[in-house]
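I set out to record how strands pair and how helices pack in this model. The entries follow the order in which I looked things up.

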Amino acid sequence: MSELAYKRTNVYEVADEKLMKEIFEYAEGYKTFIDEGKTEREACAFAVAAAKEAGYVPFEFGKKLKAGDKVYYDNRGKNLYLIKVGKGDIKKDGIRIIASHIDSPRIDLKQVPFYESDGVAFAKTHYYGGIRKYQWATIPLALHGTIALTDGTTLDVKIGEDDSDPVFCISDLLPHLAAKQNVKPLGEAIGGEDLNIWFGNIPFVAADNEKDKTVKENLLRILHEKYGVNEEDFLCAELSLVPAFKAKDIGLDRALIGAYGHDDRVCSYPAFTALFDETSDDKTVMVILADKEEIGSEGNTGMQCALFTDLIDELASSFGTTSGAIRAKSMCLSADVNAGYDPNYPDVCEKMNSAYLSHGAGITKFTGARGKSGSNDANAEFVGYLRKLFNDNGVIWQTGEMGKVDVGGGGTVAKYIANMNVDTIDIGVPVISMHSPFEVISKADLYENYLAFRAFIK
C-alpha cells in the first residue's frame, strides 16, 4: 500500500514484549473494577475509594480552589466528578474534560415486585436502557442495589455473586413447546412484562391458616429474617438484576475480555486511572463518571444536570474569571464505546468506516442517527488537534461509525457538553455484542484508550 494511504494498525501486530506485558497487566485491574462495579452505585464507590487513595478530598462549594488541589464531588453515590487543578492558566487553557458513564442496561425490580403464581414466587421487573429482552432469559442473575429503611438508614444488597449465594433467573420456553414463539419477530418473542424473576418455590407451611401457607409468604419471611425488611420497604428501593458471572478472558490467546457492563465502564476505568497515574500538573482536568446515559442522561445524576456548570462556576470564581470564558477554552473527550465490527454480522456495517477490535482507541466524530440527527459533530480542527496529539505520543487510534447510515444510530453524553460551548468528540473502545449480558472488548483497545487519555491530560 502507498505510504500516502490511510491504514489501520493492529496493536498486537506492532506491540513489543514490554507493551504486551503492560496491556495484559492493565486488563487485570480493569477486570477487578468491572466485577466489583456492576451498578452505577458500586462503580462510583470503587472510583471514590481509588480517588481517596490517590490523595483526592471532598469538594466543598464556596471554598476557593487553588493550583495543586485534587478534589472529588460524589453526587448521590451515582455520579462522580474528579478535579485536578493545574498550575497553568485556566483562563487561557480552559479544562481538559473526560466524560464517561457508569450505568449499563439492566433489569430493575418494580416498586411492588412480589407475587405468586401456581406455586412459584416471582418478582415483576422494568428493564432499564436498550436491552434485547430474549438475551436475559435463562442466565444466572444477581440482585444488586439499595433499600432505604424507615429509620433513615440504607441497606446495600448483593445476592448472587459469592459461590455460596443463590442466583435468580428468567425462564423461557423449551423448543418442544415454542412453535408459536418461534414465528414471532425476535424483538417480540419475550415481552417486557414477561421478564419475571424466579424468587422461590417453598410454601410457608408453618402458617396457622391455609391462606398464609404460600410461597410468597415464605419469601417475605426469609427477607425479614435475613435482611430485616418487609414488603413496604421495596417501595423505597433501587434493586437491579445483573448477570451473576464474572469477567473472563476470551480465546486461547486471551486477547479479549467478555463481561457484563463494558458499555461504558470500559471507558470509565481508563479515564480515572489515567487521571491518577498522570503526574503532569499543568492543565486543569475534570473526569466525569455520569449516570443515566442509557436513558437519555436525565435527572440530577445525569449529564444534563446543572451540576456540571455549577462546578465550572466554582473554578471560575476561584480564579477570577467567568464560567463562559473557561468553557470556551475547554476540550472534552466524551469517553464512550462504539460498535465494533463483527465478522459474523458484516451486513450492518460499512467496512471502511467501522471500528475494529484490537486496532486502538476509536474516535467517533459524530453519533446520532440517519442524517446525524441528535449528534454532536466535532469540527475538523479539533479532530486534527487530537490526531497530532495521539501520533506524537505513540497512541494507536482509529475512527468508526455506529453501523451503516440507514441502519445504525446511537447517542452519548457528547452533545450535552458540546452544547455548553466546549469542543467535544467521542472516543472509546469498540464493543462486540453491545448491551448484551456478555459484551466483548479487546485488551489492546482498553489500554490504548488509557494512553490516549493520559496524552490528553498532559
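Entry 1, strand pairing. The model is a predicted one. I began with strand β5, residues 106-117, and strand β6, residues 120-128, and found them paired in the antiparallel sense over eight bridges. Looking for a position by which to check the register, I noted that E116 stands opposite A121 in β6.

Entry 2, the sheet. I then asked in which order the strands of the open sheet lie. I read the order of its six strands as β8-β7-β10-β5-β6-β9, and the pairing is antiparallel. At the edges I found β8 (154-159) and β9 (197-200); each has a single partner strand, so one side of each is left without a neighbour in the sheet. From one strand to the next, I recorded a twist that averages 30°.

Entry 3, a helix pair. I turned to helix α7, residues 262-277, and helix α12, residues 443-457, whose axes are 8 Å apart and which pack at an angle of about 45°. An angle from 35 to 65 degrees counts as oblique, and I therefore entered α7 and α12 as oblique to each other. I noted the crossing of α7 past α12 as right-handed.

Entry 4, the helix contact. On the α7 side I listed V266, C267, P270, A271, T273, A274, L275 and D277. On the α12 side, the contact is made by L446, N449, Y450, F453, R454 and I457. Sorting the residues of this contact between α7 and α12 by character, I obtained 10 nonpolar, two polar and two charged.

Notes:
Residues are numbered from 1 along each chain as its sequence is written. This is a predicted model: local features need pLDDT of at least 70, side-chain atom pairs count only at pLDDT 80 or more; totals for chains, interfaces and linings use all residues. Side-chain values use heavy atoms; hydrogens and water are left out. Axes are lines fitted to C-alpha atoms, for helices over the stretch in contact, and angles run from 0 to 180 degrees between N-to-C directions. Angles under 35 degrees count as roughly parallel, over 145 as roughly antiparallel, 65 to 115 as roughly perpendicular and the rest as oblique. A crossing is left-handed if the near helix is turned anticlockwise from the far one by less than a right angle, and right-handed if clockwise. Contact means heavy atoms within 4.5 Å. Ala, Val, Leu, Ile, Met, Phe, Trp, Tyr, Cys and Pro count as nonpolar, Asp, Glu, Lys and Arg as charged, and the others, Gly among them, as polar. Two strands pair if DSSP finds at least two bridges between them.
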